[in-house]
Amino acid sequence: MERLSDWYDHPEYYEAIFGTDTEREMDFLLEVGRRYGTGGKRLLEPACGAGRLVAEAARRGCQVVGYDISEKMLAYGRQRLTPAQRRRVRLYASRMETFHRPELEGQMDLAFNLVSTFRYLDSEAAALAHLEGTRRLLKPEGLYVLGFHLTHYPRRKPEHERWVERLGKDTVVCNTHEGLPERRLRRSEMRNRLRITGPGKDLLIETHWYFRTYDLAQARRLFRRAGLRVVEVFDFDYQVDTPRKRGEMRLDSIFVLQPAKSPA
Ligand SMILES: C[S@@+](CC[C@H](N)C(=O)[O-])C[C@H]1O[C@@H](n2cnc3c(N)ncnc32)[C@H](O)[C@@H]1O
């Protein structure tokens with residue numbers, strides 16, 4: 001078995017796992033934009049990775065800006081676009097903490113960041129800088145749709161998710177493990193294993209990192225500090241007709257955020 005590290009150096013396997021829900025996610029995002037925001041088609045995806053959502057939005061006629069820290073993910077994202085999609089897409093190498101393009105300020109109808117990517121921001125200052133920077137890019141009625149897994153600090157068991165997908169003749173098995181939250185340090189240890197097997201192939205890609213932790217109060221406090229108000233909350237099932245009821249507590253959360261009318 002060949003062993004490698006960092007799944008983002010292997011976008012094709014990452015996409016085999018995460019690419020399966022892309023159309024449903026885009027249906028959800030555009031419908032949220034219509035119901036709660038401007039309904040416009042200028043979109044931004046911070047940490048867009050290999051561009052599955054960017055490409056899907058461009059296919060539906062949106063103008064899309066995406067950026068990511070990983071050159072390999074971006075390269076995959078660029079080469080997947082058709083000429084027509086390419087005319088609608090701008091991709092940049094940048095970090096979530098520092099993305100800055102003055103010409104885009106106040107221009108975006110809808111920004112989105114799903115699958116817990118926001119939790120890579122490893123300090124309050126980094127998360128705040130990202131949220132404030134994204135807010136500045138939104139139109140006054142624009143939205144930032146931010147999906148991530150909240151932390152239940154008293155949890156006593158590690159969490160584990162497993163998916164299996166096919167990629168051509170290969171089978172990709174993905175196991176993600178989240179250790180117990182370290183409340184004082186505001187982080188959980190993460191491990192992902194991608195095992196790829198197929199004709200003449202047996203590959204293990206093992207990735208380790210920390211995710212920052214948020215309970216609901218910590219998340220809401222941060223949004224307020226960043227000048228963003230919570231317009232609605234959804235579950236990870238992308239059902240736009242069934243927003244979360246007030247007081248109902250689930251960990252997988254998609255926050256629909258909008259610039260607050262007056263500074264927080
Ligand atoms: C789970 S993937 C999500 C990719 C894409 N948004 C999607 O839904 O398929 C996380 C992405 O975040 C990027 N990333 C991690 N930390 C980052 C940072 N500080 N700034 C920008 N991108 C970052 C990684 O390179 C990776 O492409």
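# A tour from the hairpin to the ligand

Start at the hairpin formed by E9 and E10, where two residues sit between the strands and glycine 200 in the turn has a positive phi of about 70°. Strands (E, at least two residues) and helices (H or I, at least four) are DSSP runs numbered from the N terminus. This is a predicted model, in which local features need pLDDT of at least 70 and side-chain atom pairs count only at pLDDT 80 or more, while totals for chains, interfaces and linings use all residues. Residues are numbered from 1 along each chain as its sequence is written, and side-chain values use heavy atoms, with hydrogens and water left out.

**The strands.** Select E9 (residues 187–198) and E10 (residues 201–212). The two run antiparallel and are joined by twelve bridges; strands pair if DSSP finds at least two bridges between them. Arginine 193 stands opposite glutamate 206 in E10. Next add E8 (residues 170–178), which is antiparallel to E9 and joined to it by eight bridges. Here cysteine 174 has leucine 194 of E9 opposite it.

**The ligand.** Now select the ligand and the 19 residues that surround it, a residue being near if one of its heavy atoms lies within 4 Å. The closest are Glu45, Ala47, Arg52, Asp68 and Met96. Which polar contacts (pairs of N or O atoms within 3.5 Å) can be displayed? An oxygen atom of the ligand is 2.7 Å from a side-chain N or O atom of arginine 52. A polar side-chain atom of tyrosine 14 lies 2.8 Å from an oxygen atom of the ligand. At methionine 96, a polar backbone atom is 2.8 Å from a ligand nitrogen. Taken alone the ligand exposes 590 Å², and the protein buries 96% of that (Shrake-Rupley method, 1.4 Å probe).

**Helix H2.** Move to residues 22–36, the 15 residues of H2. From first C-alpha to last, H2 reaches 21 Å, close to the 21 Å expected at 1.5 Å a residue (1.5 Å times one less than the number of residues). Colour its buried residues (under 20% relative accessible area, 1.4 Å probe, protein chains only): Thr22, Glu25, Met26, Phe28, Leu29, Leu30, Val32 and Gly33.

**Glutamine 79.** Finish in helix H4 (residues 71–79), which holds glutamine 79. Is this residue buried or exposed? Glutamine 79 counts as exposed (over 50%) because its relative accessibility is 52%. Its side chain reaches the backbone oxygen of tyrosine 76 at 3.2 Å. Measure out to alanine 50 as well: the C-alpha atoms of glutamine 79 and alanine 50 are separated by 9.6 Å, with the residues 29 apart along the chain.

Note on methods
Polar contact = N/O pair within 3.5 Å; in protein donor to acceptor, adjacent residues only side chain to side chain.
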